[in-house]
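Work through the exercises below with the structure open beside you, and try each task before you read its solution.

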Amino acid sequence: MKKAAISFGLALCLLACCIGLSGCSAGSQKPSETPSHTHNFVNGVCPEDGVYETDFILRGRVSEELKTAPANVGTIEEITYTTRSYYLESLPENEGKEIELTKTAEVYLPYGYDASQKYNVMYLLHGTGEDEKCWLTFKGKDVINVLENMVAQHLCEPVIIVTPTWYSPETPYTTQKEYNADPDPDGWTSKFAAELRNDLIPAVEGKYSTYAEGDTSSAKLTETRDHRAFCGVSRGSMTVMKSGLMQNLDYIANFGNFSGVWTEVSELKEALTSPDYASYDINFWYNGTGDADTVGGANESHVAFYKSAMEELPGKFTDGMNSVMIYKKSSGHDYNAWLADFYNAMLKFYQ
Ligand SMILES: [Zn+2]
């Protein structure tokens, strides 16, 4: 990992707070917005200007209408699970040591949740210096209204949203000072894979009614991978790349990288073409960034990564078909932008 990628992590979060209101208000934009030509879609994308056939939100914010509370919303619960600090255990000074932890994640059960039905599930990660409450209780809580409005408009199926934290220190960080003092923020991003796979997914899907139907065996989780998604923002997006696409492809078929990946395409290629994963298709890989999402070069490096992945992995991805890069206008590194990314991803994950 490049040094630069490590040092700008906290800046990502701090700047995100400052530019949180930078996006201009706009609703869902039709792809045909001010066309200079008649769009000719090949594989769902116009080769001339990169506009997608799908009615994605192309600006930094979802509409106020989508954020407005619908008549009915579901409930937020907490789930507690036993895991280990796989990252701390990987450090030389902890060799041979087992560091057991009890962690909590927030869980959103959609309106009308009925344990006799099967539900899609999305594991959704926060950014640097945030925690498991950031999406559903704090900055990203409009996601509940956006989801329920989408379900009411029949734009997607209901989904259970699970928001864990990838941080696993022996004592949870609670102050900004503790987050700032983290010696290796990127260290967690690849080690969350084991927690997700061994501990979190079994805890969630053994309890709630997902397509796994309570059977958290490896075979059943693989069989139901199309109904499972993993998305994240900023360093959470990096975690989706390193712990999801690269390490849990057999359990998950939908991925969302919102604002940055900060790794090498060669690393992704190595994982996706390895004997373990070569035979697995990716149902959908959503990527979102924006013109004002410049923290640490997030937008430029993300777009370059995406383009390179399209070239290097033609057997896995076809732009416009099972993957997209949405470059939003008036869009920064903040939860307004990420709500738009959530909306866009949901248009494709569970239709
Ligand atoms: Zn066009």
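A residue is called buried if 20 or more other C-beta atoms lie within 10 Å of its own, exposed if 12 or fewer do, and partly exposed in between. Please keep in mind throughout that the model is predicted.

**Exercise 1. Decide how many of the residues of helix α9 (residues 235-245) are buried, and name some of them.**

Solution. Begin by applying the cut-off to each residue of the helix in turn, which shows that 11 of the 11 residues of α9 are buried, so that the helix is mostly covered by the definition used here. The buried residues include Arg 235 and Lys 242, and also Gly 236, Met 238, Val 240 and Leu 245.

**Exercise 2. Find out which part of the model has pLDDT under 50, and how the chain scores on average.**

Solution. Start with the whole chain, which averages a pLDDT of 90, with 90% of the residues scoring at least 70. Then look at residues 1-29, where pLDDT stays under 50, and for which the model has 59 contacts beyond four places in sequence.

**Exercise 3. Describe the chain as a whole, and explain why it can be called as compact as a globular protein of its length.**

Solution. First count the elements: the chain has 12 helices and 8 strands. Next compare the radius of gyration, 19 Å, with the 20 Å that the globule rule gives for 351 residues; the two values are close, so the chain is as compact as a globular protein of that length. The C-alpha atoms fill a box of roughly 65 × 50 × 45 Å along the principal axes, and 46% of the 351 residues count as buried. Finally, turn to the contacts with a separation of 6 or more, of which 79% are made by residues 24 or more positions apart.

**Exercise 4. Work out the order of the strands in the open sheet, and state which strands lie at its edges.**

Solution. Following the pairing from one strand to the next gives the order β1-β2-β4-β3-β5-β6-β7-β8, an open sheet of 8 strands with mixed pairing. The edge strands are β1 (75-84) and β8 (323-328), each of which pairs on one side only. Neighbouring strands of this sheet are turned against each other by 20° on average, direction ignored.

Now go through some of the pairs in detail:

- Strand β3 (residues 120-125) runs parallel to strand β5 (residues 228-233), and 5 bridges join them; Leu 124 stands opposite Cys 231 in β5.
- β5 also pairs with β6 in the parallel sense, over 5 bridges, and here Val 233 stands opposite Phe 258 in β6.
- β7 and β8 run parallel and are joined by 6 bridges, with Ser 323 in β8 as the bridge partner of Trp 285.

To complete the picture at β8, note that 5 of its 6 residues are buried, and that helix α11 (residues 298-312) lies across β7 (284-290) and β8, running at about 150° to β7.

**Exercise 5. Explain why strand β6 (residues 254-258) can be called largely enclosed, and sort its residues by the way they point.**

Solution. Counting along the strand, 5 of the 5 residues of β6 are buried, so the strand is largely enclosed by the rest of the structure. Asn 254, Gly 256 and Phe 258 point one way, whereas Phe 255 and Asn 257 point the other way, and all are buried.

**Exercise 6. Glu 213 has a positive phi although it is not a glycine, and Ser 259 likewise has a positive phi; decide for Glu 213 and for Ser 259 whether the residue is buried or exposed.**

Solution. Take Glu 213 first: its phi is about 55°, and its place is in the loop between α7 (187-207) and α8 (218-223). Glu 213 has 11 C-beta neighbours inside 10 Å and therefore counts as exposed. Ser 259, with phi near 75°, is found in the loop between β6 and α10 (265-272), and with 31 other C-beta atoms within 10 Å it is buried.

**Exercise 7. Check whether the length of helix α12 (residues 335-349) agrees with what its number of residues leads you to expect.**

Solution. At 1.5 Å a residue, the 15 residues of α12 should span 21 Å, and the end C-alpha atoms are 20 Å apart, which agrees. The helix is also mostly covered, since 15 of its 15 residues are buried.

Notes
Residues are numbered from 1 along each chain as its sequence is written. This is a predicted model: local features need pLDDT of at least 70, side-chain atom pairs count only at pLDDT 80 or more; totals for chains, interfaces and linings use all residues. pLDDT is the predictor's confidence in each residue, from 0 to 100. Two residues are in contact if their C-beta atoms, placed from the backbone, lie within 7 Å. Helices (H or I, at least four residues) and strands (E, at least two) are DSSP runs, numbered from the N terminus. The expected span of a helix is 1.5 Å times one less than its number of residues. Two strands pair if DSSP finds at least two bridges between them. Axes are lines fitted to C-alpha atoms, for helices over the stretch in contact, and angles run from 0 to 180 degrees between N-to-C directions. The radius of gyration is taken over C-alpha atoms; the globule rule is 2.2 Å times the number of residues to the power 0.38.
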